[in-house]
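Work through the following exercises with the sequence and the coordinates side by side. Each task is followed by a solution that proceeds step by step.

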Amino acid sequence: MKPAVSVIMPCYNGLAHLPRSIASVQAQTCGDWELVVIDDGSRDGSADWVESLGDARIRCIRQANSGVSAARNAGLRAARGARICFLDADDCWEATLLEKLSAALDAQPDAVLAYCGWQNVGLGGGRDLPFVPPDYETPDKAQRLFAGCRWPIHAVMVRADAIQAAGGFDTGLRNAEDYLLWLKIAIPGRIVRVPEVLAKYFFHGQGQASQNKARAALDFLRAQTAHLAADPALRRTLGPAARTLMYDALLQRGYECYWARELADAHRIFRAVMRAGYGRPADWRHMLPALLPQGLFVRLVESIDRVRGPSSPQR
């Protein structure tokens, strides 16, 4: 019997977090699932621990370390369900996620993707509040999604045939690989929102892709650029607004790094914005010092801070 839902879980040295994540799958009120764990060359015994569970619904595939996108693609090839969910080895779900996302797709047979709200855990500073993304199924959906899909990968259920038609994950991206996939699936297809917080994203500071802010921002730009090149209809729809959507978002990420004094990341982002010739005169006054080598740029800003004190964000 094929399961209704295949849950795909890439894992690289995730043993410290696997018990919580897998327990959240086993606790689902919808029991018609399989869990495909792709062990991506772990050295901490993750695969052995998964295999020791003795749960017939859980399969473990071992592969040499190839990256998260290659691991997810391997999981997609092994998946048997007509619907797919993704859950990283260090995140978890509320017990009703599979049930409620499945119900949303059942209620909208033409929908290719259902998404829900989520919550960060471990950031602090008021950044752990629950969040429900907006309803994107509006007349300006293409523009809003191109600006950014505000859901993490584990807050989505998608039809397997839609992922197959989109070609799976781009293994050339370290970040934004899921965003590029959602652009391919969600812009042409109908999507449905479940306005409940059903997923949790844990921050633990152990090699998470989201820690490298410059790489994340630049991969996001690469995903936008790649999709725009492959979708002539979207290029016509967005017109000149596409450039503004892309580079204004990149510049904003650069400012966020700059004001947080994450200067190495700000340096890389500002340089990318300047190469595109984007920004207002006030923006260029902030960015121009990034023409210096990174070390000199960092020392310059730090020396200005010592003389004047840290500046306040302004744009």
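**Exercise 1.** Determine how K213 and E262 interact, and which parts of the chain the pair links.

*Solution.* In this predicted model, K213 and E262 form a salt bridge, with 3.0 Å between the closest N and O atoms. The two residues belong to distant parts of the chain, since K213 is in helix α8 (residues 213–230) whereas E262 is in the loop between α10 (241–259) and α11 (263–275), 49 residues apart. The next step is to classify each partner by its relative accessibility, for which partly exposed denotes the range between the buried limit of under 20% and the exposed limit of over 50%. K213, at 36%, counts as partly exposed, and E262, at 28%, counts as partly exposed too.

**Exercise 2.** Which residues do salt bridges with shared partners join into one network, and is E34 buried or exposed?

*Solution.* The network consists of E34, R59 and R80, and it can be built up one contact at a time.

1. Begin with R59, which forms a salt bridge with E34 at a distance of 2.7 Å between the closest N and O atoms. Because R59 lies in strand β3 (residues 58–63) and E34 in strand β2 (residues 33–40), this pair ties together parts that are 25 residues apart in sequence.
2. Turn next to R80, whose side chain meets that of E34 in a salt bridge of 3.0 Å, N to O. Here the linked parts are strand β2, which holds E34, and the loop between α3 (68–78) and β4 (83–86), which holds R80, with the two positions 46 residues apart in sequence.
3. Finally, compare the accessibilities: E34 is buried, with a relative accessible area of 1%, whereas R59 is partly exposed at 28% and R80 is partly exposed at 42%.

For context, the structure as a whole holds 16 salt bridges.

**Exercise 3.** Identify the residues that form a nonpolar patch on the surface together with I304, and explain why I304 can be included on the criterion of accessibility.

*Solution.* The patch is formed by L292, L296, L300 and I304, which together have about 270 Å² of accessible area. Of these residues, I304 can be placed in helix α13 (residues 294–308). Its relative accessibility is 33%, so I304 counts as partly exposed. Membership in a patch requires over 30% relative accessible area, and the 33% of I304 therefore satisfies this cut-off.

Terms used. Residues numbered from 1 in each chain as written. Predicted model: local features only at pLDDT ≥ 70, side-chain atom pairs only at ≥ 80, totals over all residues. Heavy atoms only, no water. Patch = residues over 30% accessible without salt bridge, like charges linked within 9 Å, V, L, I, M, F, W, Y side chains within 5 Å. Areas by Shrake-Rupley, 256 points an atom, 1.4 Å probe, with all protein chains shown as cover. Salt bridge = Lys/Arg side-chain N within 4 Å of Asp/Glu carboxyl O. Helix = DSSP H or I, 4+ residues; strand = E, 2+ residues; numbered from the N terminus. Buried < 20%, exposed > 50% of the residue type's maximum accessible area, 1.4 Å probe, protein only.
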